[in-house]
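I sat down with this entry to look up a few points in turn. My notes are below.

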Protein chains: 2
Amino acid sequence: MAAQDRKERDRAERHRLIVTTARALAEAEGWEAVTTRKLAERIEYSQPVLYSHFRGGKDEIVGAVALEGFAELAAELRAAGPAAGRGTPQAPPGGEPRAVLAAVATAYLAFAARSPAVYDAMFRLDTPLAFASDDTPAPLREGFEAILGAVAPLAGDADPGTLTEVVWATLHGLVTLTRAGRLLPEQAAARLTVLVDRIGRENRPHSGWDNSAGNGFGNGPDNGSDNG
Amino acid sequence: MAAQDRKERDRAERHRLIVTTARALAEAEGWEAVTTRKLAERIEYSQPVLYSHFRGGKDEIVGAVALEGFAELAAELRAAGPAAGRGTPQAPPGGEPRAVLAAVATAYLAFAARSPAVYDAMFRLDTPLAFASDDTPAPLREGFEAILGAVAPLAGDADPGTLTEVVWATLHGLVTLTRAGRLLPEQAAARLTVLVDRIGRENRPHSGWDNSAGNGFGNGPDNGSDNG
DNA sequence: TCGATTGTCTAGCACTGCTAGAGTCGACGC
DNA sequence: GCGTCGACTCTAGCAGTGCTAGACAATCGA
């Protein structure tokens, strides 16, 4: 029955409309301005319609925007990474590993700067998205793996996954501290240089400082590089 | 008039009571549970009393907790840093620079792990605290400078302030991503090792990758090490 | 054309941060 | 000791939030 199909199409369309409207509203006025009433008004339906699409309410809508953001971020990181098709202005294919890392880092920071509200949905707001578990959505894994691809060639004797976690943390920290006005804007390029110069350098054999004196941060064996 | 003095003492005491109660409530149940009504009930006064102390309302109360947190963090970082009096178990005075960096980083992560709600007040929530401006509260500068003290000996030909910003960003990123369940808990110690091994290594002369191709992240001269 | 089902809307709940104005209580001058 | 006045606190309420029960209308199958 075609009528049923049309209904489902309309419904899917309205589903998209909610997500894109929420995202646009957040980018324009910040997430604190995204209320269910205002969102309902923008899509020209009443509030309960939102809940017929997103049983989890507002958090689930934010989560949908976040998921969209993870997919976009992963795509942009891949485009800047070592496996990039015919190369980009920033990173020739199979280019010098640190240039690749610089390109990926730049892509990450550019994404966050361009879509601050989406970045907030991904990292600052509470969403029902699952992490580091079996049902972690694919885009989340892919984003991590895109960074991993740029970091691994520089890992040396360090665990690539762990180094990737640290790089990711640095990028994320740069984003949030910059956004909060905690870092000097004019030094952004210098920070990127420092990041690549320091992180992107292979290990020499272990140094003298002692990390075993109870720091209280986990004590399991350091292995594995699987993240999400 | 002694009566007036007593009043002011009582008022100051109640001011403290509000801040400590808000902090305790946040640590126990999270900031989303800290409502003006619940807070007023806990201090056994009505809501308007809160506003007689904090004209800026809830945000200003969060800001007071944050400021307290910055003071504590700065003190703990200093205690772990190179200028530490007679030395600590983690860092002997004037010890090997990378051991000092490891001790400071550990102190930072330990603080965030021990006081997550305070850390949220400092970095995640909106507060009226000023940053990177002339009226930045002293504890904020001091925290940055404590990290700077541990990082500077390892700066090499990099700008110490910039390197400190990157280290801070890494620590902050590790805290937030760990808290959000985005990083593998069992690799915490390994991440610290990687951080110290990579960041805490002096620069050799500049490398081959090109950072000048439009990354859109500031283009001013890279100078100055003054932050807040 | 009629009944059933599906979908949407109105109205309202319990909560939030915040505040105007009423009321009380203590300090001070006489 | 007493009356007045001012400082202080409270009650009650506003406008907003996320969310939902139940009334209503439109659509579909017979």
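These entries cover the DNA strands, a recorded domain, two helices and the nonpolar core.

**Entry 1: the model.** I note at the start that this is a predicted model.

**Entry 2: DNA strand C.** I asked which residues come nearest to DNA strand C. I found 19 residues around the strand, and the nearest are A:Ser46, B:Thr35, B:Thr36, B:Gly57 and B:Lys58. Then I looked up the helices behind this surface. On chain A, helix H3 (47–53) supplies at least two residues. On chain B, helix H2 (36–43), helix H3 (47–53) and helix H4 (58–80) each do so as well. H3(A) has the largest share, with four residues. By class I read seven nonpolar, seven polar and five charged residues near strand C.

**Entry 3: DNA strand D.** I turned to the other strand. DNA strand D is surrounded by 19 residues. Closest are A:Thr35, A:Thr36, A:Gly57, A:Lys58 and B:Ser46. Which helix gives the most to this surface? It is H3(B), with four residues. From chain A, helix H2 (36–42), H3 and helix H4 (58–80) each supply at least two residues. The surface near strand D holds seven nonpolar, seven polar and five charged residues.

**Entry 4: the record.** I checked UniProt for chain A. The unreviewed entry lists "domain: HTH tetR-type" at residues 18–65. I compared that range with the model. Residues 18–65 of chain A are 71% helix and 0% strand. The C-alpha atoms at the two ends of the range are 10 Å apart.

**Entry 5: helix H5 of chain A.** This helix runs over residues 97–114 and has 18 residues. I get 25 Å from its first C-alpha to its last, close to the 26 Å expected. Is H5(A) mostly covered or mostly open? It is mostly covered, with 13 of its 18 residues buried.

**Entry 6: helix H8 of chain B.** Residues 160–179 form this helix of 20 residues. Its span is 28 Å, close to the 28 Å expected at 1.5 Å a residue. I count 17 of the 20 residues of H8(B) as buried. B:Gly181 follows the helix, and its phi is positive, near 75 degrees.

**Entry 7: the core.** I looked up the largest nonpolar core last. It has 123 residues. Those with the most contacts inside it are A:Val104, A:Ala105, A:Ile147, B:Val104, B:Ala105 and B:Ile147. I followed up B:Val104. Leaving aside residues up to four places away in sequence, B:Val104 touches B:Leu77, B:Ala80, B:Gly81, B:Ala146, B:Ile147 and B:Ala150.

Key:
Residues numbered from 1 in each chain as written. Chains lettered and ligands numbered in written order. Predicted model: local features only at pLDDT ≥ 70, side-chain atom pairs only at ≥ 80, totals over all residues. Near = placed C-beta within 6 Å. Nonpolar A, V, L, I, M, F, W, Y, C, P; charged D, E, K, R; others polar. UniProt positions renumbered as here; feature names shortened; annotations may be inferred. Expected span 1.5 Å × (residues − 1). Buried ≥ 20, exposed ≤ 12 C-beta atoms within 10 Å, placed from the backbone. Core = buried A, V, L, I, M, F, W, Y, C linked by C-beta atoms within 7 Å. Contact = placed C-beta atoms within 7 Å.
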